[in-house]
Amino acid sequence: MTDDLQLSLKEYLATVQEVVKLTFDTPVWVKAEIRNLSIKAGHYYLELAEKEADSDQVIASCRATIWKFSAQKIVTQFERESGIELSRDLKVLIKVKANFDPQYGFSLNIVEIDSSYTLGDIARRYQQIIDRLSAEGLIQRNRNLPSPFDLNRILVIAPENAAGLGDFRKDADALHRAQVCEFIYHTATFQGNSAPQSIMQSLAQALKQWAKTYDTAPDLIVIIRGGGAVNDLAYLNDYDLAALLCKRSVPIWVGIGHEKDHTILDEIAHRSFDTPSKVIAGIRNHIVELTQDVLNYLQRIQRLSQQQIQAYQNQNDQFLKLIQSLANSQIMDALQRLQQIKANTSSLAQQHTQLINQQLDALMRETLLQNPRHVLSKGYAIVRQQEHVVGSINQIQPSDPVQVELQDGIFSAQLIQVLPHDS
């Protein structure tokens, strides 16, 4: 072993440095993701990585540097062409030259950044979300909800102390003071990897608190923030956030960024505005239009009511005249029929009276003939037992005496035998 070549660490690493310099002397294009970025004294220090597509696990990483003397040209050109601020979590195509230093180790020197690649990656991820929401039938769900008839209470989600929120509140506070509608505010983070989760948590907490405070759901959910770099807004291009908002049964209005900014939330919202100021303008215009519609309907109702009232009055006058004419005719006919009925009634009453008198005479004679004494005088008798008239042998108690009433007296008898008639 002692005969083998022995090098110091510095000598060995210097050899590696030379090999790297000779082998990778020409810059090459490399695809990577910026995991971290810091700026010190004008130098850009980056941590690059490559991840597996399925597991998101880092399979390669290294340091990279944009030196101050070239940073202004490289970074400025990238941001001007893409509209994106160079920051972490971006996927980039960079032209790099390998560098190995015995003291500081391996790193890459960045000499150029392809802005079209980063824009293409953002657009590709954007389109993937659109396609998935479309395939699941979600993308038009909130947009197809009917517009709110009235705006009484509105839930607002916005970054805390954001300039866009201040612009929104100028008009919102005026509407609140006028008791036109009430705005309830909740805050969330709108940039960085945590932005989608922060917005979803803020919305969930807001709706939970809302259910405890109010009996009805919000009339409108508003999500706003001011403009920003394209990559800041790109954090909002998140499937989970978009799907959650699509499934809300309350219309969602968004105002995120400036006129040139566009996010996935603009695609799925019930209404999308360029800025927070235009959102509150849309709310104010909705209220004004609704009020004007109500006034127009009231005027139309008043006009139609007056026309109907006049038509009914004219019709009533005609009906009154017709009723008077018919009534007079009916009265004359009734008087004539009454006279006829009176004459007929008098004749019928006389006939009926005679008939009743005849029937009364016959009934009187019948009644006299049915008098018990008259019946007894013809040889009939009344049999009683225990003071009750006996009408059948089934009512007789053989052991008890019976009383027999004749025309001229009553006698008692003891029963010896009771025989029924032969059938």
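This briefing walks through the structure shown above, from its overall shape to single residues. The model is predicted. The protein has 423 residues, and 31% of them count as buried. It contains ten helices and 14 strands. Its radius of gyration is 55 Å, whereas a compact globule of 423 residues would have a value near 22 Å.

**Overall shape**

- Taken along the principal axes, the C-alpha atoms fill a box of roughly 175 × 80 × 40 Å.
- Look at contacts between residues at least 6 apart in sequence: 63% of them join residues at least 24 apart.
- L13 and S272 give a sense of scale. They are 259 residues apart along the chain, and their C-alpha atoms are separated by 59 Å.

**Domains**

- The domain assignment gives three pieces: domain 1 (9-134), domain 2 (136-289) and domain 3 (381-413).
- How far apart are the C-alpha centres of domain 1 and domain 3? They lie 138 Å apart.

**Annotated regions**

- An unreviewed UniProt entry annotates residues 8-113 as "domain: OB-fold nucleic acid binding".
- In the model, the span 8-113 is 28% helix and 48% strand. The C-alpha atoms at its two ends lie 38 Å apart.
- The UniProt annotation "coiled-coil region", also from an unreviewed entry, covers residues 287-329.
- Over residues 287-329 the model has 100% helix and 0% strand. The end C-alpha atoms of this stretch are 61 Å apart.

**Residue L13 in helix α1**

- Helix α1 spans residues 9-23, and L13 sits in it.
- Is L13 buried or exposed? L13 counts as buried because its relative accessibility is 17%, and the cut-off for buried is under 20%.
- Beyond its neighbours within four places in sequence, L13 is in contact with F100 and P102.

**Two buried residues in helix α3**

- Helix α3 runs over residues 115-135 and includes S115.
- S115 has 7% relative accessibility, so it counts as buried.
- Which residues does S115 touch, not counting those up to four places away in sequence? They are F78, E81 and S82.
- With E81 there is also a polar contact: the side chains of S115 and E81 are joined at 2.8 Å.
- D121 lies in helix α3 too.
- D121 has a relative accessible area of 5%, so it is buried.
- The side chain of D121 makes a polar contact of 2.5 Å with the side chain of R124.

**A four-stranded sheet**

- Strands of a sheet pair through backbone hydrogen bonds, either parallel or antiparallel.
- One open sheet here has four strands in the order β12-β11-β13-β14, and the pairing is antiparallel.
- Which strands are at the edges? They are β12 (388-389) and β14 (410-413), and each pairs on one side only.
- Strand β11 covers residues 382-385 and strand β13 covers residues 402-405. These two strands pair in the antiparallel sense over three bridges.
- V383 stands opposite V404 in β13.

**Two loop residues with positive phi**

- Q179 lies in the loop between α4 (163-177) and β7 (182-187).
- Phi of Q179 is near 60°, a positive value in a residue other than glycine.
- Is Q179 buried or exposed? Q179 is exposed because its relative accessible area is 74%, and exposed means over 50%.
- E387 is in the loop between β11 and β12.
- E387 is not a glycine, yet it has a positive phi of about 70°.
- E387 has a relative accessible area of 74%, so it is exposed.

**Points to take away**

- The radius of gyration is 55 Å, against a value near 22 Å for a compact globule of 423 residues.
- The stretch 287-329 is 100% helix, and the UniProt annotation "coiled-coil region" covers it.
- S115 is buried, whereas Q179 is exposed.

Key
Residues numbered from 1 in each chain as written. Heavy atoms only, no water. Pairing = 2+ DSSP bridges. Domains from an automatic or database assignment. Buried < 20%, exposed > 50% of the residue type's maximum accessible area, 1.4 Å probe, protein only. Polar contact = N/O pair within 3.5 Å; in protein donor to acceptor, adjacent residues only side chain to side chain. Contact = heavy atoms within 4.5 Å. UniProt positions renumbered as here; feature names shortened; annotations may be inferred. Rg over C-alpha atoms; globule rule 2.2 N^0.38 Å.
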